[in-house]
Amino acid sequence: MTIRDKLLNDPRVHPTAKRKFLAVLNDVRSKGLPLLVWEVYRSREQQRALYAQGRTDAELRKVGYTDDEIIRYRKQGYLSTKPVVTKLLNPRYHGTGRAMDCCWLVDGKPTWNVPMEWWETYGRAAKAHGLRWGGDWKMRDRPHVQYEGE
């Protein structure tokens, strides 16, 4: 159990999703892998900041961003020169507490740069508990799992 597991206690996290997420964490950690919860619930504001990354100011204005928003997100580090990390302008699964993103705790620090076998172990555990794993998508999102029920 890590301190970031407390993100699952947010009342906005769907109860069935939470149960499944905890089962995935337990399965992966029981194999000795240091899986770390990175994000679960994501607000509309957080999603808009993520969407701003990798897109030009002109692209953002076309989808309704104000100049003040763009300035704020750029100051927070969501730069057009960084890679795109989401296709969604509004949170869908994260916004309803039905998605979890994980990474790994290596040498006391979060990292996404681990052997592919670790990600595959995570993906298999997610699917075994009825979740959809982003590692199976065309635009791979290995840290992401989502609950598509109810």
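The paragraphs below go through the strands, a helix pair and several single residues of this structure. The model is a predicted one.

Strand E2, residues 99-106, is a convenient place to begin, as three other strands can be followed from it. One of its partners is E1, residues 35-39, and the two strands pair in the antiparallel sense over four bridges. Within this pairing, valine 37 stands opposite cysteine 102 in E2, and glutamate 39 has aspartate 101 of E2 as its bridge partner. Another partner is E5, residues 144-146, which pairs with E2 over three bridges, again in the antiparallel sense. There, alanine 99 faces glutamine 146 in E5. Strand E3, residues 109-111, also pairs with E2 in the antiparallel sense, over three bridges. In that pairing leucine 105 is opposite proline 110 in E3.

How far are these strands enclosed by the rest of the structure? In E1, four of the five residues are buried, so this strand is largely enclosed by the rest of the structure. For E2 the count is six of the eight residues, so E2 too is largely enclosed. A residue is called buried here when its relative accessible area is under 20%.

The link from E2 to E3 deserves a separate look. The two strands form a hairpin with two residues between them. Aspartate 107 lies in the loop between E2 and E3. Its phi is positive, at about 55 degrees, although aspartate 107 is not a glycine. Is this turn residue buried or exposed? Aspartate 107 has a relative accessible area of 75%, and the cut-off for exposed is over 50%, so aspartate 107 counts as exposed.

The next topic is a pair of helices. Two packed helices are described by the angle between their axes and the distance between the axes. Helix H2 covers residues 44-52 and helix H4 covers residues 67-75; they pack at an angle of about 80 degrees, with their axes 10 Å apart. Angles of 65 to 115 degrees count as roughly perpendicular, and therefore H2 is roughly perpendicular to H4. On the H2 side the contact is made by Glu45, Arg48, Ala49 and Ala52, and on the H4 side by Glu69, Arg72, Tyr73 and Arg74. Sorted by class, this contact has five charged residues, three nonpolar residues and no polar ones.

Helix H2 also holds glutamine 47. With a relative accessibility of 1%, glutamine 47 is buried. What does its side chain meet? One polar contact, of 2.7 Å, joins the side chains of glutamine 47 and arginine 42. Another, of 3.1 Å, joins the side chain of glutamine 47 to that of threonine 86. Leaving aside neighbours within four places in sequence, glutamine 47 is in contact with Arg42, Thr86, Leu88, Leu89, Asn90 and Pro91.

A second glutamine, residue 53, sits in the loop between H2 and helix H3, which spans 57-62. Glutamine 53 has a relative accessible area of 10% and is buried. A polar atom of the glutamine 53 side chain lies 2.9 Å from the backbone oxygen of proline 83. Apart from its neighbours within four places in sequence, glutamine 53 contacts Arg74, Gly77, Tyr78, Leu79, Lys82, Pro83, Val84 and Val85.

Tyrosine 78, one of those contacts of glutamine 53, is found in the loop between H4 and E2. Tyrosine 78 is partly exposed, with a relative accessible area of 23%. Its contacts, again leaving aside neighbours within four places in sequence, are Ala49, Leu50, Ala52, Gln53 and Tyr73. Among them, Ala49, Ala52 and Tyr73 also take part in the contact between H2 and H4. The C-alpha atoms of tyrosine 78 and arginine 48 are 9.9 Å apart, while the two residues are 30 residues apart along the chain.

Lysine 62, in helix H3, comes last. At 76% relative accessibility, lysine 62 counts as exposed. Its C-alpha atom is separated by 26 Å from that of aspartate 141, which is 79 residues apart from lysine 62 along the chain.

Terms used
Residues are numbered from 1 along each chain as its sequence is written. This is a predicted model: local features need pLDDT of at least 70, side-chain atom pairs count only at pLDDT 80 or more; totals for chains, interfaces and linings use all residues. Side-chain values use heavy atoms; hydrogens and water are left out. Axes are lines fitted to C-alpha atoms, for helices over the stretch in contact, and angles run from 0 to 180 degrees between N-to-C directions. Angles under 35 degrees count as roughly parallel, over 145 as roughly antiparallel, 65 to 115 as roughly perpendicular and the rest as oblique. Contact means heavy atoms within 4.5 Å. Ala, Val, Leu, Ile, Met, Phe, Trp, Tyr, Cys and Pro count as nonpolar, Asp, Glu, Lys and Arg as charged, and the others, Gly among them, as polar. Buried means under 20% relative accessible area, exposed over 50%, partly exposed in between (1.4 Å probe, protein chains only). A polar contact is a pair of N or O atoms within 3.5 Å; within protein, one must be able to donate a hydrogen and the other to accept it, and residues adjacent in sequence count only if both atoms are side-chain atoms. Two strands pair if DSSP finds at least two bridges between them.
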